[in-house]
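Please look at the sequence and the model below, and keep both in view while reading the report that follows.

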Amino acid sequence: MFTGIVEELGEVTAVENLGDSSRFRLRGPLVTEDAKHGDSIAVNGVCLTVVDTADGEFTADVMAETLNRSSLGALAVGSRVNLERPMALGGRLGGHLVQGHVDGTGTIVDRKPSEHWELVKVALPDGLSRYVVEKGSITVDGVSLTVVDAGDDYFTISLIPTTLALTTLGIKQAGDPVNLEVDVLAKYVERLLGSRTDSASKETVK
């Protein structure tokens, strides 16, 4: 479980294409200082399992399912990535509850800079707009953010100087893909309400 508060701006140092999967080597001295084999690290919002660590870098295997559902397949040597270690029980929850399970990829449509912040518009893939609400939380490339405006096929977010400086969202351009994870609580509520509706319908038919 993560919070969407990026700890470090890392870098891809090696990519090995294994056919239906890939092996990534990523540099992140901070997130690897206490990491060991089997631990989890979120990379652009995707929860990956550490295979090994050495000299401030870690290796992770990325399966076809993850490559198909996220933008990690587009990473190359030199790509910058957002890194976060799992939250520690008993610690402060700075963002919101994030699983590191990407729901889909969006596309940055537009960026409108202001003097001290920037408004970014992101196009939503089909099926996710019902989970995105104004003033609600969403994770974009692993960054916990508050939705400013929610449309039928897009949402907007405001990025403060800290986010622009310390995450990849400061260098993303219009047309770039981003990993999206909606609030898991919304999905559970939808499922539970759907089950109740189905049960009620069956009772009515009887």
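Leaving aside its neighbours within four places in sequence, which residues is Tyr154 in contact with? In this predicted model, the residues that Tyr154 touches, once those neighbours are set aside, are Lys121, Val122, Ala123, Leu124 and Asp149. Tyr154 itself is found in strand E11, and its relative accessible area of 23% makes it partly exposed, because that class covers values that are neither under 20% nor over 50%.

Two of these contacts can be described in further detail. The side chain of Tyr154 is joined to that of Asp149 by a polar contact of 2.9 Å, while the charged end of Lys121 sits over the ring of Tyr154, 4.5 Å from the centre of that ring. A search for aromatic pairs, on the other hand, gives a count of 0. As for the chain beyond this strand, Leu193 is 39 residues from Tyr154 in sequence, and the C-alpha atoms of these two residues are 25 Å apart in space.

Strand E11 (154-159) also takes part in the largest nonpolar core, to which it supplies at least two residues, as do strands E8 (118-123), E9 (137-140), E10 (143-150) and E12 (177-182). That core has 20 residues, and those with the most contacts inside it are Val132, Val140, Leu145, Phe155 and Ile157. If neighbours within four places in sequence are again left aside, Val132 is in contact with Leu124, Ile138, Val147, Ala150, Phe155 and Val182. Apart from this core lies another, of 19 residues, which includes Val12, Phe58, Leu67 and Leu72.

The UniProt record, in an unreviewed entry, lists residues 1-96 and 97-193 under "domain: Lumazine-binding". The table sets out the two spans.

| Span | Distance between end C-alpha atoms | Helix | Strand |
|---|---|---|---|
| Residues 1-96 | 10 Å | 6% helix | 44% strand |
| Residues 97-193 | 21 Å | 16% helix | 41% strand |

Finally, two loops deserve a look for their backbone angles. Most residues other than glycine have a negative phi. Asn44, in the loop between strand E3 (40-43) and strand E4 (46-54), has a positive phi, near 50°, and Asp55, in the loop between E4 and strand E5 (57-63), has a positive phi as well, near 55°. Is each of these residues buried or exposed? Asn44 is buried, because its relative accessible area is 3%, whereas Asp55 is exposed, because its relative accessible area is 73%.

Conventions
Residues are numbered from 1 along each chain as its sequence is written. This is a predicted model: local features need pLDDT of at least 70, side-chain atom pairs count only at pLDDT 80 or more; totals for chains, interfaces and linings use all residues. Side-chain values use heavy atoms; hydrogens and water are left out. A nonpolar core is a set of buried Ala, Val, Leu, Ile, Met, Phe, Trp, Tyr and Cys residues joined through side-chain atoms within 4.5 Å. Buried means under 20% relative accessible area, exposed over 50%, partly exposed in between (1.4 Å probe, protein chains only). Helices (H or I, at least four residues) and strands (E, at least two) are DSSP runs, numbered from the N terminus. Contact means heavy atoms within 4.5 Å. A polar contact is a pair of N or O atoms within 3.5 Å; within protein, one must be able to donate a hydrogen and the other to accept it, and residues adjacent in sequence count only if both atoms are side-chain atoms. UniProt positions are given in the numbering used here, feature names are shortened, and annotations may be inferred rather than shown by experiment. Rings of Phe, Tyr and Trp (its six-membered ring) pair if their centres lie within 6.5 Å; planes under 30 degrees apart count as stacked, over 60 as edge-to-face and the rest as tilted. A charge sits over a ring if NZ of Lys or CZ of Arg is within 6 Å of the ring centre and within 35 degrees of the ring normal.
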